[in-house]
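Please work through the exercises below with the predicted model open beside you. Each task is followed by a solution that proceeds in steps.

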Amino acid sequence: MRSAWLLSAGCVLWVCSLTAAIEPISTSIAVGMAAALTGFLAGYQNMFYYFNECCRPEWISYNKTGLKYDLDTKLYGQHVAGQVILKAVTGFMNNKKPKKPLVLSLHGWTGTGKNFVSQLLAENIYVKGMESSFVHLFTATAHFPHEIHIDTYKTQLQDWIRGNVSICPRSMFIFDEMDKMHPGLIDSIKPYLDFYDNLNGVSYREAIFIFLSNAGGENIVQVALDFWKDGKEREEIQLKHLETALSLSVFNNKNSGFWHTSLIDKNLVDFFVPFLPLEYKHIIQCGLAEMIAKGHSPDKEVVEKMAHDLNYFPKEERVFSMQGCKVIPSRLDFYI
Ligand SMILES: Nc1ncnc2c1ncn2[C@@H]1O[C@H](COP(=O)(O)OP(=O)(O)OP(=O)(O)O)[C@@H](O)[C@H]1O
Ligand SMILES: *[C@@H]1O[C@H](CO)[C@@H](O)[C@H](O)[C@H]1NC(C)=O
Ligand SMILES: *[C@@H]1O[C@H](CO)[C@@H](O)[C@H](O)[C@H]1NC(C)=O
Ligand SMILES: [Mg+2]
């Protein structure tokens, strides 16, 4: 544990240089000196930690209250995802000796909040949120675009995961567009998701892996649509209603079938988290929040105008937003 964060660049230079300085001197003097210096340095060290992000509780600590508050107030229309995430993350973070890393797989229609939730999660674990040097976001099409380089990508990705987890066991890896990722690449990270005590001296059990994809999105939409057609409330939809739809869809889908099959087979994914398609009222909520974020006072008329002009499906009934909340930041500018 200690040695792990000793490696952390910059962070513990004080400890390192202190050890180096006292090495040649006899142990008894060293101990006395160290004791004296420790008190003295403690002040500086704290200051140092304060300015430089370290793999320490000062910079990494889970705020359950904060996450619950964010999920309740900032995430719209995702009561199932919110509940699952809060439960999963709280259980994992409170477990002193997890047997494997936490692996979450977030699924759903475009613009429903998958990246947004990852960001809320990062913000309630790392002081620096997504900017933290312990949070790593990989996007399939951006980071691993060319199939011919797959072998290079494999070693690179493994090196990155190993390197970063050795520096900080509590590292977070987010894989966006998982459904567009090469199966070989997914295979190469599988060992890190498993129940190993350690791999070559590195333990991955405190790490958090989050996979984002649109896989299964259409089946989730179907469930939501069936509820709507039956005149049932959206809030009545529970995880159990979506679980089958999700797993079946994934096995049947040619593109995403492989990774799911192999990940599901070995039970490497702890939680599949479904994101529901967003409705008109959620678009309004997103629009009002975005107006505030842009520094305007929220104006319902403006937002309603924008929301009205967006596309919804099914064509006749116009129940669910085609692009979710994703286009709002750019669209809103035309209406303000
Ligand atoms: N459920 C939601 N509640 C609040 N804001 C949302 C929600 N969904 C999306 N947004 C807003 O829209 C933006 C885009 O959403 P996000 O990037 O999370 O979508 P996504 O699910 O990752 O979509 P894609 O599958 O296309 O990547 C977010 O940054 C957030 O501001
Ligand atoms: C946790 O989050 C809540 C709500 O955002 C905030 O008020 C509180 O100060 C946070 N606690 C810590 C320890 O950061
Ligand atoms: C950690 O991951 C980043 C990518 O997010 C990579 O650039 C960096 O080299 C990795 N660090 C180590 C020590 O492997
Ligand atoms: Mg996304």
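**Exercise 1.** Determine which strands pair with strand β1 (residues 102-108), how many bridges join each pair, and which way the partners run.

*Solution.* Begin with strand β4 (residues 208-213), which is joined to β1 by six bridges, the two strands running parallel. Within this pairing, His107 is found opposite Ser213 of β4. Turn next to strand β5 (residues 271-275), which is also parallel to β1 and is joined to it by five bridges; here Gly108 stands opposite Phe275 in β5.

**Exercise 2.** Decide whether β1 is enclosed or open to the outside, and examine each of its faces.

*Solution.* The first step is to recall the criterion, under which a residue is buried if 20 or more other C-beta atoms lie within 10 Å of its own. By this criterion seven of the seven residues of β1 are buried, and the strand is therefore largely enclosed by the rest of the structure. The second step is to sort the side chains by face, because in a regular strand they alternate between the two faces of the sheet. Leu102, Leu104, Leu106 and Gly108 lie on one side, while Val103, Ser105 and His107 lie on the other, and since every one of them is buried, both faces of β1 are covered.

**Exercise 3.** Describe the largest nonpolar core, naming the members that touch the most other members and the domains that contribute to it.

*Solution.* This core holds 77 residues, and those touching the most other members are Leu106, Val117, Leu121, Phe175, Phe209, Ile210 and Ile220. Helix α5 (residues 79-94) supplies the largest share of the core, namely six residues. Because domain 2 (64-266) and domain 3 (280-332) both give residues to this core, it lies between them. To follow one member further, take Phe175, which touches Phe138, Met181, Phe211 and Leu212 when residues up to four places away in sequence are not counted.

**Exercise 4.** Characterise the surroundings of ligand 1, and state where ligand 1 lies with respect to the domains.

*Solution.* There are 17 residues around ligand 1, of which Thr110, Gly113, Lys114, Phe116 and Cys325 come nearest. Sorted by class, this shell consists of five nonpolar, ten polar and two charged residues. Helix α6 (residues 114-123) gives the largest share of the shell, three residues. Looking at this helix in its own right, one finds that seven of its ten residues are buried, so that α6 is mostly covered; the buried ones are Lys114, Phe116, Val117, Ser118, Leu120, Leu121 and Ala122. Finally, domain 2 (64-266) and domain 3 (280-332) both give residues to the shell around ligand 1, which is why ligand 1 lies between them.

**Exercise 5.** Compile the residues that surround ligand 2 and ligand 3, and classify each shell.

*Solution.* For ligand 2, the surrounding residues are Asn63, Thr65, Gly66 and Tyr69, a shell that divides into one nonpolar, three polar and no charged residues. For ligand 3, the surrounding residues are His136, Asp159, Trp160, Gly163, Asn164 and Ile167, which divide into two nonpolar, three polar and one charged. Helix α8 (residues 150-167) accounts for the largest share of the shell around ligand 3, with five residues.

**Exercise 6.** Summarise the protein as a whole.

*Solution.* The secondary structure comes to 15 helices and seven strands, and buried residues make up 36% of the 336 residues. Among contacts between residues at least 6 apart in sequence, 77% join residues at least 24 apart.

Notes: Residues numbered from 1 in each chain as written. Chains lettered and ligands numbered in written order. Predicted model: local features only at pLDDT ≥ 70, side-chain atom pairs only at ≥ 80, totals over all residues. Near = placed C-beta within 6 Å. Helix = DSSP H or I, 4+ residues; strand = E, 2+ residues; numbered from the N terminus. Nonpolar A, V, L, I, M, F, W, Y, C, P; charged D, E, K, R; others polar. Domains from an automatic or database assignment. Buried ≥ 20, exposed ≤ 12 C-beta atoms within 10 Å, placed from the backbone. Pairing = 2+ DSSP bridges. Core = buried A, V, L, I, M, F, W, Y, C linked by C-beta atoms within 7 Å. Contact = placed C-beta atoms within 7 Å.
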